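Got your viewer open? Here is a short tour, one selection at a time.

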Amino acid sequence: AFPPAEGLTRTTCGYCGVGCALDVVTRDGEVTAVLPARDGPVNRGHACVKGRFSHGFRTSPERLTRPLLRRDGVLEPAGWDEALAHVARGLRAAVDAGGPDAVAAISSARATNEENYLVQKFMRVVIGTNNVDNCSRLCHSPSAAGLTASFGLSGGTDVFDDVERADCLLVVGANPVEAHPVVGARLLRQVLRGARLVVADPRAVGLALHADVHLRPRPGTNVALFHGLAHVLLAEGLIDEEFLRERATGLPELTELLADHPPDRVADLTGVPAADLVAAARLYGGAERPAIVYGLGVTEHLHGTDGVRSLSNLAILRGAVGTDRGYGVNPLRGQNNVQGASDMGALPDLLPGYGKVADAAVRSRAEDVWGVPVPPRPGLRIPDMFAAARAGALRALWIVGEDVLATDPDTRQVARALDACPLVVCNELFLSETARHADVVLPAASWLEKDGTFVNFDRRFQRVRPAVPPPGQARSDFDILRAVAEAMGAGLGCPAPADALAECGRLAPVFAGLSHDRLDREGAVPWPCPTPHGPGEAKLYTERFATPDGRAHLAAPPCLPPGERPDDDYPLLLVTGRRWAHYNSGSMTRRGGNLALDPVDFLDLHSDDACRYGLRDGQGVTVESRHGRARLVARVGEQTAPGQVFCSFHFPASGVNRLTSGVADTVTSCPEYKVTAVRVAAS
Ligand code: SF4
């Protein structure tokens, strides 16, 4: 049942991970405006141009409104019954030919928590495999691994309302002014009120203009930078000895390692002047209530998990996590529900609530709820799915809302995988780059058209409500998953999204206190939330850390070089990231009105490099890496450091991810998007 054709619907933004509450105005069954909710728990009356103006995609003539089936090499319209039967037959054939592990699914932040829950349940219960992963593999999987190893849970340690009380902010590898604008504005307000600000980022991002110290490490040298800061904290006694004695482990090993990381050596390793490093460490170390906020500039590296852990060391050394002496370590999630996709267990090694699939006791709790055995062997991660498809071992791949051919690295290899896989099914809003390679395309509902919940960057569950119905025959991913299960003669249970969240709470105690009814009453509730009447834990670890020994764990990873390095043939380093008006592959924002605000994909380069390579501002350029070629427009300025170039991934037509490599974090397989060696020339 949809709300009246004319009305106001409170929902949660479907773009970045801030999770702004929005009021969607509708008239005659169409969205006419999107307004920031004055009482929004996170945004409090604010929103950015993405949330405000990018709803026009809904009525784009390119919107998919009917299923498409590939016949004789061409995607043609089909009825739902035919499409569902085709998918069911194809999945059964894949299992018959190669067993359950010949099937895999990729879920995403486009899906609600309830949809992510059903994706992983479908794979584990109907197919019988753990081959399910989600887009966090490409962004914050090192956060999940690193924060869990350091503190015990995968989420940020504090909620943003607390971070706002910090008197010193260390913002690392993030550009919140553009990528998370409401958080960017709140951070700036904090600075205007007197908080000290240290920014660590190779680029002169918006916040850096207001920083007390801006550290500009060479891409790929984060671990050395964080060790250098930790060295100064130790050397100058800016540590909390009681906290380290009572609540942490690993200090002797870290102390030994840091002896080799004095500021002068770290300056050589990172390019950051030793005086700046010392000044930054003194600001963070001397603050009464410091906080760390970070983004993908920390995670998307060959040693991304080491980066998260060595950054977390700073908060542990200061006793600024799990205490009233600081506000911990807080990842800014790039996508609306990337936290929730992992929370719901759309991961190859973890069930909902982060219980290990290899742990018999964890499996048994899920088996009690689902009534079937759960396979014990962890499944494939996304890059391994593509490798298995290229090798002929993966025979069916279901992709729910992720445009892997636009956003994954080294897309030529991704295309080869999709072409080699006998059945590729896509749930999509548009005929994306990936959908063009699919055998079946199922038209999906957008965030404005469906019911459920998202989890934002600081672990808060909020409701998603349909303001308008999906266009044509499009359906929610939730309905599509249930329909495919039925077509296979299986049941997924959970007739409505509220039932899925309730079922998830039965097998994952950290979500047991959450329900749609409660969120309708209270607005936003953070996890862990084990009881229906408890408030949910905003600040984590006040009693003990969630590690097996209850302590925070300092790490002592070595400084290792990045996977790609410049040479005579490829002398520049490319960093990719986000821009203010667009979101991810841009499939919604480019069709939603924001194209007029930000119409062209630029390659930002420093004026010294423009001179060196004879390039002018506004000129077309060809960018080549060891993996592929892209075409962009040069934008000459000082924001990017000499020797580095920057572009977004919002315009798939540019082919930016043909440039990026298959190099990935050694722990989590998160791609090294932040370090690609390239050359540029006029095109
Ligand atoms: Fe808020 Fe992010 Fe949506 Fe902008 S994109 S309105 S900052 S949630």
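Which residues point one way from β9, and which the other way? Select strand β9 (residues 196-200) and have a look. Arg196, Val198 and Ala200 point one way, Leu197 and Val199 point the other way, and all of them are buried. "Buried" here means that 20 or more other C-beta atoms, placed from the backbone, lie within 10 Å of the residue's own C-beta atom. Strands and helices are DSSP runs, at least two residues (E) for a strand and at least four (H or I) for a helix, numbered from the N terminus. In a regular strand, side chains alternate between the two faces of the sheet.

Before you click on, a word about what you're looking at. This is a predicted model: local features need a pLDDT of at least 70, side-chain atom pairs count only at pLDDT 80 or more, and totals for chains, interfaces and linings use all residues. Residues are numbered from 1 along each chain, as its sequence is written.

**Next stop: β8**

Now select strand β8, residues 168-172. Five of its five residues are buried, so β8 is largely enclosed by the rest of the structure. Cys168, Leu170 and Val172 sit on one side, with Leu169 and Val171 on the other.

Show β9 again alongside β8: the two pair in the parallel sense over five bridges. Two strands count as a pair if DSSP finds at least two bridges between them. Try picking out Leu170, which stands opposite Val198 in β9. Val172 has Ala200 as its bridge partner in β9.

What else pairs with β8? Add strand β12 (residues 290-294), which pairs with β8 in the parallel sense over five bridges. There, Leu169 has Ala291 as its bridge partner. Then add strand β10 (residues 213-215), which runs parallel to β9 and is joined to it by three bridges. Val198 turns up again here, with Val213 as its bridge partner in β10.

**Now the ligand**

Select the ligand and show what is around it. It is surrounded by 14 residues, and the closest are Cys13, Cys16, Cys20, Cys48 and Gly51. A residue counts as near the ligand if its C-beta atom, placed from the backbone, lies within 6 Å. Colour the shell by class and you'll get nine nonpolar residues, four polar and one charged. For that colouring, Ala, Val, Leu, Ile, Met, Phe, Trp, Tyr, Cys and Pro are nonpolar, Asp, Glu, Lys and Arg are charged, and the others, Gly among them, are polar.

Two helices to highlight are α1 (49-53) and α7 (181-192), each supplying at least two residues of this shell. Domain 1 (7-59) and domain 3 (141-332) each give at least three.

**Zoom out to the domains**

Colour by domain: domain 1 (7-59), domain 2 (68-138 + 336-522), domain 3 (141-332) and domain 4 (572-682). These bounds come from an automatic or database domain assignment. The C-alpha centres of domain 2 and domain 3 lie 35 Å apart. Nine residues of domain 2 are in contact with 10 residues of domain 3, where contact means C-beta atoms, placed from the backbone, within 7 Å.

**Last stop: a barrel**

Finally, select the six strands that close into a barrel in the order β21-β25-β22-β24-β23-β26, with mixed pairing. Within it, five bridges join β22 (residues 602-606) to β24 (residues 629-637), and the two run parallel. Click on His606 to finish: its bridge partner in β24 is Gly637.

Terms used
A residue is buried if 20 or more other C-beta atoms lie within 10 Å of its own, exposed if 12 or fewer, and partly exposed in between; C-beta atoms are placed from the backbone. Two residues are in contact if their C-beta atoms, placed from the backbone, lie within 7 Å.
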